[in-house]
Amino acid sequence: DEAQHFHYVQYLVENRALPVEGKTFVSPEVVDVSLGARQWGWASAGSVSASQHLDPAQWIGIPEELDDQEREKWVRRNIWRFNYEAIQPPLYYLVNTPVYAALPDDPFVKLYGMRLLAALLASAMVPIAYLTAREAFPDSRLAVLGAPVGVLLVQGYALNMTQITNDALAVPLAAAAILLLLMMVGRGLSVKRSLAAGAVIGASLLAKLTTVFLLPVALAGLIIMVAYGRVRPLRALKHLGLIYATVAAVMLPWILHNYSTYGDATGASAARPLMSSFFMSPFVSFDNLRLDELLPTYWFGEPIYPFDLWTYTWVAVYVAMATAVIGLLYYILVPGAGKVRDVQMRIVFIGAAFVLGVAISLFLPFGSGIGGVPGRYLYPIMPLSMFLILFGIDRLLRYERARFLAETLLVWMVVWESINFLAYLQNR
């Protein structure tokens, strides 16, 4: 999808307006870059299309007279000419416009300049993971230092976030929003914290709507505070309203634009005819969720290149996830497991935020009508997952053994990720 993300920025700079889903085509420069890279869509440019598919002068919109079956066939043949990412909120692309405008006219220079910016934005997840772990459980040296190292070594994150994609901004913004909510849960309510949380949640949504799970996470944080007796229900409700009102204020201009352009709040009515031809709704078949791709694309990136001994890679992944679950349950349920009430409240919030992040990401295709849940949808909760893995190890084992297990898992992952990366290079 990088070509469409690139063109979104180009369109903003050249037209000072947002592209329109289903009507805006990619530019001749995007076609030239795609041909130079011998790539058109998801396949080799030389193997996919007749010459008219690559000539912008011959492109037309979706013919209205086609029935559903013929329309689907037409879209599958011609979707790459459309900027189907035009439906995305504009914040990431606005951040890129100064970079695009300042760089030389060579499209490849602009391409790599914006890739570099994406990598810089995405790298913010390392300090965010450190701050999240320190805020949640500062007494665990293993979790505080291990969580950012874990983020750094997830191969899929590095591969997916070093291209032009709005995930590069949406993911660290969403992770920062969770950190602000964690601080609110642990340190108490204040107008300043609620406004900051609402502003960052709004910015996350203005970068990508898949971060919508942050809204119920904010609600969960306040419910946990009420359950632990830290705040009265009415005061919690007022701060929830303040958070949601701030989110609405940030999102309102884009929502009004969508109503004016598409007749709905998100433009989904325009996106569905294009994207559902490729990614059919899970209401048609549950298999369209493609859950078998969720963990591989999370850990190893997109697309997936299985290799010899692929199954051995998953030993460390499954051990890490099992340790996180068992350690969290042990801490919460077993009496005398080193619990301090305020600390436990923060740990419960992290567990709730992680579960909500996963559950709502799985539900999104049912709401949008566009199938598929790639692993990158879960990257905003990566600091939580890394913290829970290290926290689980820390709670279940003495420090020396906990450190040995954590280091073994990291080395195991690095070895197999290296093999996976070689398989990726061989398949390019």
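A residue counts as buried when its relative accessible area is under 20%, and as exposed when that area is over 50%. The exercises below apply this cut-off and a few others to a predicted model.

**Exercise 1. Take stock of the whole protein.**
State how many helices and strands the protein has, and what share of its residues is buried.

*Solution.* Begin with secondary structure: there are 19 helices and zero strands. Next, burial: of 428 residues, 50% count as buried. Then the surface: about 19,600 Å² is exposed, and carbon and sulfur atoms supply 63% of that area. Last, the contacts. Take those between residues at least 6 apart in sequence; 75% of them join residues at least 24 apart.

**Exercise 2. Check the length of helix H10.**
Helix H10 covers residues 167–187. Compare the span it should have with the distance between its end C-alpha atoms.

*Solution.* Step one: the expected span is 1.5 Å times one less than the number of residues. Step two: for the 21 residues of H10 this gives 30 Å. Step three: the end C-alpha atoms lie 29 Å apart, which agrees with the expected span. Now look at its cover. Of the 21 residues in H10, 17 are buried, so the helix is mostly covered. Finally, look past its end. Gly188 follows H10 and has a positive phi, near 105°.

**Exercise 3. Place Val185 in its surroundings.**
Which residues does Val185 contact, leaving aside its neighbours within four places in sequence?

*Solution.* Locate the residue first: Val185 is in helix H10. Its relative accessibility is 0%, so Val185 is buried. Its contacts, with those neighbours set aside, are Gly221, Met225, Arg230, Met345 and Phe349. Val226 gives a C-alpha distance to compare: it is 41 residues from Val185 along the chain, and the two C-alpha atoms are separated by 10.0 Å.

**Exercise 4. Trace an aromatic cluster.**
Ring pairs link Phe137, Tyr331, Phe387 and Phe391 into a cluster. Classify the pair Phe137–Tyr331 and the pair Tyr331–Phe391 by geometry.

*Solution.* Two rings pair if their centres lie within 6.5 Å, and planes over 60 degrees apart make the pair edge-to-face. By this rule the model has 12 aromatic pairs. Take Phe137 and Tyr331: the centres are 6.4 Å apart and the planes stand at 80°, so this pair is edge-to-face. Phe137 sits in the loop between helix H7 (125–136) and helix H8 (141–152), and Tyr331 in helix H16 (residues 310–333), so the pair ties together parts 194 residues apart in sequence. Check burial: Phe137 has a relative accessible area of 7% and is buried. Tyr331 is buried too, at 0%.

Now take Tyr331 and Phe391. Their ring centres are 5.1 Å apart and their planes stand at 80°, so this pair is also edge-to-face. Tyr331 belongs to H16 and Phe391 to helix H18 (residues 382–396), so the pair ties together parts 60 residues apart in sequence. Phe391 has 0% relative accessibility, so Phe391 is buried.

**Exercise 5. Find charges over rings.**
Which ring face does Lys110 lie over, and which does Arg115 lie over?

*Solution.* Lys110 lies over the face of Tyr100, 4.2 Å from the ring centre. Arg115 lies over the face of Tyr112, 4.8 Å from the ring centre.

**Exercise 6. Find a polar partner for a buried threonine.**
Which backbone oxygen lies 3.2 Å from a polar side-chain atom of Thr297?

*Solution.* Thr297 is in helix H15 (residues 294–300). Its relative accessible area is 4%, so Thr297 is buried. The backbone oxygen is that of Leu294, at 3.2 Å.

Terms used: Residues are numbered from 1 along each chain as its sequence is written. This is a predicted model: local features need pLDDT of at least 70, side-chain atom pairs count only at pLDDT 80 or more; totals for chains, interfaces and linings use all residues. Side-chain values use heavy atoms; hydrogens and water are left out. Helices (H or I, at least four residues) and strands (E, at least two) are DSSP runs, numbered from the N terminus. Buried means under 20% relative accessible area, exposed over 50%, partly exposed in between (1.4 Å probe, protein chains only). Rings of Phe, Tyr and Trp (its six-membered ring) pair if their centres lie within 6.5 Å; planes under 30 degrees apart count as stacked, over 60 as edge-to-face and the rest as tilted. A charge sits over a ring if NZ of Lys or CZ of Arg is within 6 Å of the ring centre and within 35 degrees of the ring normal. A polar contact is a pair of N or O atoms within 3.5 Å; within protein, one must be able to donate a hydrogen and the other to accept it, and residues adjacent in sequence count only if both atoms are side-chain atoms. Contact means heavy atoms within 4.5 Å. Accessible areas come from the Shrake-Rupley method with a 1.4 Å probe; for residues, only the protein chains shown count as cover.
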